[in-house]
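Please look over the sequence and the model shown below. The paragraphs that follow move from single residues to the protein as a whole.

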Amino acid sequence: MRISTTSCLCPFLVCLCFIQRCGGASHHVPTKVPSKNQTKLANGETEVHHRPKRGWIWNQFFVLEEHMGPDAQYVGKLHSNSDKGDGSVRYILSGEGAGTIFIIDEVTGDIHATKSLDRERKTHYVLHAQALDRNTEEALEPKSEFIIKVQDINDNAPKFPDGPFVAMVPEMSEVGTSVLQVTATDADDPTYGNSARIVYSILQGQPYFSVDPKTGIIRTALANMDREAREHYTVVIQAKDMAGQVGGLSGSTTINITLTDVNDNPPKFPQKNYQLYVPESAQVGKPVGKIKANDEDLGINADIRYSIINSEGANMFSISTDRDTREGIISLKKPLNFERKKTYTLNIEGVNTHVDPRFSYLGAFKDTATLKITVGDVDEAPVFSMDYYIMDVYENSPSGTEVGAVTARDPDSRNSHVRYLLDSKDEGISYFRVDEYSGVIYTTQPLDREDMPWHNITVMASEVDNPSLLSHVPVTVQVLDVNDNPPEIATEEEVIVCESSRPGQVIQTVTAVDKDDFANGQRFSFALPSQLPVNPNFTLKDNEDSTASIIARRRRFNHLTQELYELPIVVWDSGEPLLSGTSTLTLRVCPCQRHGRIRMCQGEAFLSSAGLSTGALIAILLCIVILLTIVVLFITLRRSKKEPLIISEEDIRENVVTYDDEGGGEEDTEAFDIIALRNPAAAEELKFRRDIRPEARKHCGPPCSHRSPSVELDEVDVHEFIKQRLVEADMDTSVPPYDSLQTYAYEGQGSPTGSISPVDSPGTHSEQDFNYLDDWGPQFQKLAELYGDPESDVTT
């Protein structure tokens with residue numbers, strides 16, 4: 001089977017079609033007959049083998065896109081070698097678009113396209129063809145695959161998918177500088193014909209720009225394009241297919257091109273000469289005027305640095321650049337004085353800070369201008385001869401003493417008279433006054449250096465003609481010292497005297513203080529008052545180094561005998577005149593403990609070790625008192641609450657009252673008196689004298705003798721005494737009606753050994769000297785006191 005078509009798709013196919021049609025050939029090419037393979041046998045006969053050749057002859061089918069005719073478009077023809085033309089062969093078609101887009105004549109095998117095709121949507125279709133026996137429906141040929149290609153026509157115009165465009169190029173660029181490349185796309189087949197062959201051209205933007213027809217690169221076409229003359233350009237680019245031939249389709253896009261700035265313009269002052277009026281009262285460091293040079297460039301290309309290039313102007317004025325306005329700000333460096341100089345000339349230069357070397361041929365990127373400043377005369381406040389004054393005056397000087405003088409003058413040409421006055425806001429106005437015409441400062445009262453050694457006042461000066469103009473100057477007055485304060489002992493605390501102090505021992509070293517000021521150092525002398533008798537307990541030694549030592553004159557002090565001593569001390573200074581003062585020190589006697597070199601009273605040591613202040617101790621004592629009060633109230637309430645002795649009539653029982661009271665020993669006078677058992681008669685006398693304490697033992701001489709109390713008591717019948725007490729208990733109506741068990745312990749009487757109690761022991765006195773215990777240290781201090789001198793005990 002073969003395929004034939006009436007469509008001539010290329011010159012080669014055109015030739016084939018032409019040959020076919022000129023030779024009178026039909027739409028199909030006759031199939032080749034099977035060849036005969038002959039084999040020569042041994043007997044000379046020839047055996048013929050029939051090998052059928054392929055029955056399909058395939059070529060690609062082509063169909064034009066966008067067919068708009070009323071009839072179906074003929075595509076091609078299928079033909080099988082088995083088809084004898086009698087209609088016994090039936091052709092069928094399957095695959096993409098079979099039956100919908102492509103139909104086949106079952107008898108002739110002609111294929112037609114029933115719809116208009118678009119190559120840009122689908123470029124080809126894959127189909128399958130088969131020849132069947134119409135009667136038996138058996139396949140005469142195996143199913144074979146073929147392709148129908150959609151042939152392109154120029155039906156799509158070029159497009160710029162990314163347009164419109166924005167581009168920038170520096171001004172003053174050279175001809176041919178690349179600006180931007182644009183690219184158009186064409187949906188037609190680029191492999192067939194010129195449908196997708198694009199050529200670029202410029203429709204708008206000449207003569208400033210050009211475009212490469214093949215690449216679409218836009219370039220500058222005009223030299224020295226100036227941004228300051230024209231900044232924005234609009235360029236229209238066209239893309240045309242069919243290689244730009246007549247009949248081709250085209251599309252266009254717009255490019256907005258902006259020229260960017262370069263530093264191609266120097267700064268220029270609008271005029272060469274300027275004038276400025278500045279009053280002489282202008283403040284130093286403050287702006288007094290402005291000047292500006294114009295620059296047509298933008299951004300950093302227009303930055304200008306101003307400077308004063310002549311020394312006359314640079315010494316008195318300075319200039320800086322305002323970054324926002326690009327103006328030159330002129331400021332004053334030194335005070336102006338109309339009387340000294342009335343005009344100044346400033347040569348001001350403005351220079352670009354960012355210079356492009358490519359444009360150096362244009363000249364220097366700077367400009368100069370002249371500024372003439374005229375100083376205006378104003379009425380100025382008086383000017384003091386000094387910026388500040390330091391004066392001095394002796395303390396205790398009488399009121400009206402001259403301290404010093406200030407001077408001021410009118411700087412103006414009129415030279416007006418000046419008046420002086422003190423600033424009322426100063427504290428020193430109560431101590432000083434100033435003469436309004438001469439400027440002399442006087443004291444108004446005696447000054448005390450110890451109270452205030454320095455005084456700060458402010459003197460003001462004003463013109464007589466114009467009092468509103470004031471000038472101020474600070475004045476410092478130092479009060480010089482005179483010897484008008486007597487010295488005194490530095491310490492105000494009590495001096496601790498240890499009980500174990502020895503004669504000649506230094507109790508404490510004292511110093512003196514003086515409120516006066518001595519330039520060569522303070523020197524003090526010390527002594528005890530000469531009008532007082534000699535102190536038997538302490539003496540004073542002047543160390544001749546402005547200190548003195550308190551020395552004990554006797555040994556062994558006793559705080560029980562005398563705790564406090566007073567020691568007056570006279571101190572002389574070395575001033576002129578010589579002054580003296582008497583200070584009385586308080587010396588406290590107390591037992592001492594040694595902590596290295598520090599001596600502390602036991603009581604004070606306790607408080608110091610505890611680290612408690614007086615307020616804290618008072619708070620603790622108050623808390624203890626409150627707690628004790630609560631405990632006492634609680635115990636009182638418990639004792640005052642009486643429970644009924646008999647709860648009910650049936651509940652009658654004997655109660656045993658247990659007393660668990662331990663005696664306090666022989667010194668407990670409130671315990672049970674055993675003398676009642678030994679001498680009942682004496683007990684009656686002592687019955688109501690329990691509140692009287694026994695008398696302290698009296699010292700007696702050696703003839704005194706003590707016997708045991710048990711020996712002196714008369715013989716008594718204890719049994720009778722107990723019976724008497726039992727009767728008294730039964731008859732007493734104030735006690736509960738219970739049996740009371742009272743136990744009396746009785747040891748008997750008449751012991752020959754007597755009592756070993758130290759209370760009853762006879763007093764003995766030893767003649768032994770225990771003074772050596774003082775040398776054993778503080779550990780034996782208490783023992784030394786117990787075995788002290790008899791004379792001391794008697795005195796105590």
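Lys122 counts as partly exposed, because its relative accessibility is 31%, and the term covers values between buried (under 20% relative accessible area) and exposed (over 50%), found with a 1.4 Å probe and protein chains only. The model is a predicted one, in which local features need pLDDT of at least 70 and side-chain atom pairs count only at pLDDT 80 or more, whereas totals for chains, interfaces and linings use all residues. Residues are numbered from 1 along each chain as its sequence is written, and side-chain values rest on heavy atoms, with hydrogens and water left out.

Which residue does Lys122 pair with in a salt bridge? The partner is Glu96, and the closest N and O atoms of the two are 3.6 Å apart; a salt bridge here is a side-chain nitrogen of Lys or Arg within 4 Å of a carboxyl oxygen of Asp or Glu. The pair links distant parts of the chain, 26 residues apart: Glu96 sits in the loop between β5 (89–95) and β6 (102–104), and Lys122 in the loop between β7 (110–113) and β8 (124–133). Strands (E, at least two residues) and helices (H or I, at least four) are DSSP runs, numbered from the N terminus. Like its partner, Glu96 is partly exposed, with a relative accessible area of 34%.

Side chains of opposite charge can pair when their charged atoms come close. The structure holds 18 salt bridges. One of them joins Asp367 and Lys272, with 2.6 Å from N to O. These two residues also bring distant parts of the chain together, for Asp367 belongs to strand β23 and Lys272 to the loop between β16 (250–260) and β17, 95 residues apart. Asp367 is classed as buried because its relative accessible area is 9%, whereas Lys272, at 45%, is partly exposed. Another bridge connects Asp356 with Arg358, whose closest N and O atoms lie 2.8 Å apart. Here Asp356 is buried at 17% relative accessibility, while Arg358 is exposed at 54%. In addition, Arg90, Glu106 and Glu137 are linked in a network of salt bridges.

Strand β23, which holds Asp367, leads on to the nonpolar interior. In soluble globular proteins, nonpolar side chains tend to be buried together. The largest nonpolar core has 22 residues, and Phe317, Ile330, Leu346 and Ile348 touch the most other members. Strands β17 (273–279), β18 (287–291), β19 (304–308), β20 (317–321), β21 (328–332), β22 (343–352) and β23 (366–376) each supply at least two residues of this core. The largest share, 4 residues, comes from β23. Such a core is a set of buried Ala, Val, Leu, Ile, Met, Phe, Trp, Tyr and Cys residues joined through side-chain atoms within 4.5 Å. Apart from neighbours within four places in sequence, Leu346 has contacts (heavy atoms within 4.5 Å) with Ile308, Asn310, Gly313, Phe317, Ile330, Ala369, Thr370, Leu371 and Ile373.

A polar pair is found elsewhere in the chain. Asp545 lies in the loop between β37 (538–542) and β38 (547–552), and its relative accessible area of 46% makes it partly exposed. Its side chain makes a polar contact of 2.3 Å with the side chain of Thr547. That term means a pair of N or O atoms within 3.5 Å; within protein, one must be able to donate a hydrogen and the other to accept it, and residues adjacent in sequence count only if both atoms are side-chain atoms. Thr547 itself is part of strand β38 and is buried at 14% relative accessibility. Beyond four places in sequence, Thr547 is in contact with Thr509, Val510, Thr511, Phe526, Lys541 and Asp542. Between Asp545 and Arg523, 22 residues apart in sequence, the C-alpha to C-alpha distance is 7.3 Å.

The surface has a nonpolar patch as well, formed by Tyr772, Trp776, Phe780, Leu783, Leu786 and Tyr787, with about 600 Å² of accessible area together. Patches are made of residues with over 30% relative accessible area and no salt bridge, where nonpolar side chains (Val, Leu, Ile, Met, Phe, Trp, Tyr) are joined within 5 Å and like charges within 9 Å. Trp776 is located in the loop between α8 (718–731) and α9 (781–786) and is partly exposed at 45% relative accessibility.

The protein as a whole has 10 helices and 42 strands, and 32% of its 796 residues count as buried. Its accessible surface comes to about 51,100 Å², 53% of which belongs to carbon and sulfur atoms; areas are found by the Shrake-Rupley method with a 1.4 Å probe, and for residues only the protein chains shown count as cover. Of the contacts between residues at least 6 apart in sequence, 67% join residues at least 24 apart.
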